[in-house]
Amino acid sequence: MYNIVKRYFNNGIYSSEDVARFVKARKITVGQYEEITGNRYEE
């Protein structure tokens with residue numbers, strides 16, 4: 001799931017908010033969110 005989310009984010013398909021939804025759904029970790037977006041995760 002991480003690779004798909006990362007690719008979609010890098011291609012502009014997903015926003016940071018979209019990626020955060022995957023953290024909430026426990027599909028990726030907070031660390032992976034921060035690695036993908038470059039932003040600190042805040043609930």
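Helices H1 and H3 of this predicted model are roughly parallel to each other (an angle under 35 degrees), since helices H1 (2-10) and H3 (30-37) pack at an angle of about 30 degrees, with their axes 10 Å apart, and the two are therefore classed in this way. Axes are lines fitted to C-alpha atoms over the stretch in contact, with angles running from 0 to 180 degrees between N-to-C directions, and helices are DSSP runs (H or I) of at least four residues, numbered from the N terminus. The contact (heavy atoms within 4.5 Å) is made by Tyr2, Val5, Lys6 and Phe9 of H1 and by Gln32, Glu35, Ile36 and Thr37 of H3.

Residues are numbered from 1 along each chain as its sequence is written. Local features need pLDDT of at least 70 and side-chain atom pairs count only at pLDDT 80 or more, whereas totals for chains, interfaces and linings use all residues, and side-chain values use heavy atoms, with hydrogens and water left out.

The buried residues of H1 (under 20% relative accessible area, 1.4 Å probe, protein chains only) are Tyr2, Val5 and Phe9. Seen down the axis of H1, these residues fall within an arc of 70 degrees, taken from the directions from the helix axis to the C-beta atoms, so they line one face of the helix. The buried residues of H1 pack against H2 and H3, while the face turned away from the buried side carries Asn3 and Asn10, which are exposed (over 50%). H1 is followed by Gly12, whose phi is positive, near 80 degrees.

Methods
Angles under 35 degrees count as roughly parallel, over 145 as roughly antiparallel, 65 to 115 as roughly perpendicular and the rest as oblique.
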